[in-house]
Amino acid sequence: MTLSEWEGEFLESVSERVKTHGRAFADPEKGAPGQALSAMQGRKLKEIAKKAKGDAPKGRRRNLD
């Protein structure tokens, strides 16, 4: 599966910030001490990895009963 332009840019920017600063977020309250990614960045990377592997994204299922 092909990544969107935004997803590619996100991956590049996260990678570059980790190489340069040791983490990919600026606000220390958005990530745990010693962690390279914030919780949201980690979640998004997992979504992108699943998409790249071809796994269907899990959407919300509505119960129509």
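Lys 44 counts as partly exposed, at 23% relative accessibility; partly exposed is the range between buried, under 20% relative accessible area, and exposed, over 50%, with a 1.4 Å probe and protein chains only. Its partner is Glu 47: the two form a salt bridge whose closest N and O atoms are 3.1 Å apart. A salt bridge here is a side-chain nitrogen of Lys or Arg within 4 Å of a carboxyl oxygen of Asp or Glu. Glu 47 is also partly exposed, at 44% relative accessibility. The two residues are three places apart in helix H2, so about one helical turn separates them. Residues three or four places apart point the same way because an α-helix has 3.6 residues a turn.

A word on what you are looking at. This is a predicted model, in which local features need pLDDT of at least 70, side-chain atom pairs count only at pLDDT 80 or more, and totals for chains, interfaces and linings use all residues. Residues are numbered from 1 along each chain as its sequence is written, and side-chain values use heavy atoms, with hydrogens and water left out.

Now step back to the whole chain. The secondary structure comes to two helices and zero strands; helices (H or I, at least four residues) and strands (E, at least two) are DSSP runs, numbered from the N terminus. The protein has 65 residues, of which 14% count as buried. Its accessible surface comes to about 5,700 Å², and 52% of that belongs to carbon and sulfur atoms; these areas come from the Shrake-Rupley method with a 1.4 Å probe, and for residues only the protein chains shown count as cover. Among contacts with a separation of 6 or more, 42% are between residues 24 or more positions apart, a contact being heavy atoms within 4.5 Å.

Let us follow the chain into H1. This helix has 17 residues and reaches 24 Å from its first C-alpha to its last, close to the 24 Å expected at 1.5 Å a residue; the expected span is 1.5 Å times one less than the number of residues. Which residues of H1 are buried? They are Glu 7, Phe 10 and Val 14. Seen down the axis of H1, the buried residues fall within an arc of 55°, so they line one face of the helix; the arc is that of the directions from the helix axis to the C-beta atoms. What covers these buried residues includes H2. On the other side of H1, Glu 5, Glu 12, Lys 19 and Thr 20 are exposed. Ser 13, also in H1, is partly exposed at 28% relative accessibility. Ser 13 and Ala 24 are 11 residues apart in sequence and 8.1 Å apart in space, C-alpha to C-alpha.

Glu 7 deserves a closer look. Its relative accessibility is 9%, so Glu 7 counts as buried. Leaving aside neighbours within four places in sequence, Glu 7 is in contact with Ile 48 and Lys 51. How many salt bridges does a search of the whole structure find? There are two, and Glu 7 takes part in one of them, with Lys 51, the closest N and O atoms being 2.9 Å apart. This pair links distant parts of the chain, with Lys 51 in helix H2 (residues 39-53), Glu 7 in helix H1 (residues 5-21), and their positions 44 residues apart. Side chains of opposite charge can pair when their charged atoms come close. The two side chains also make a polar contact, at 2.9 Å; a polar contact is a pair of N or O atoms within 3.5 Å, where within protein one must be able to donate a hydrogen and the other to accept it, and residues adjacent in sequence count only if both atoms are side-chain atoms.

Seen from the H2 end, Lys 51 is partly exposed, with a relative accessible area of 23%. Lys 51 and Leu 3 are 48 residues apart in sequence, and 7.5 Å apart in space from C-alpha to C-alpha.

What remains is the stretch that joins the helices. Just after H1, Gly 22 takes a positive phi of about 85°. Further along, Ser 38 is found in the loop between H1 and H2. Is Ser 38 buried or exposed? With a relative accessible area of 10%, Ser 38 is buried. Leaving aside neighbours within four places in sequence, Ser 38 is in contact with Phe 25, Lys 30 and Gly 31.
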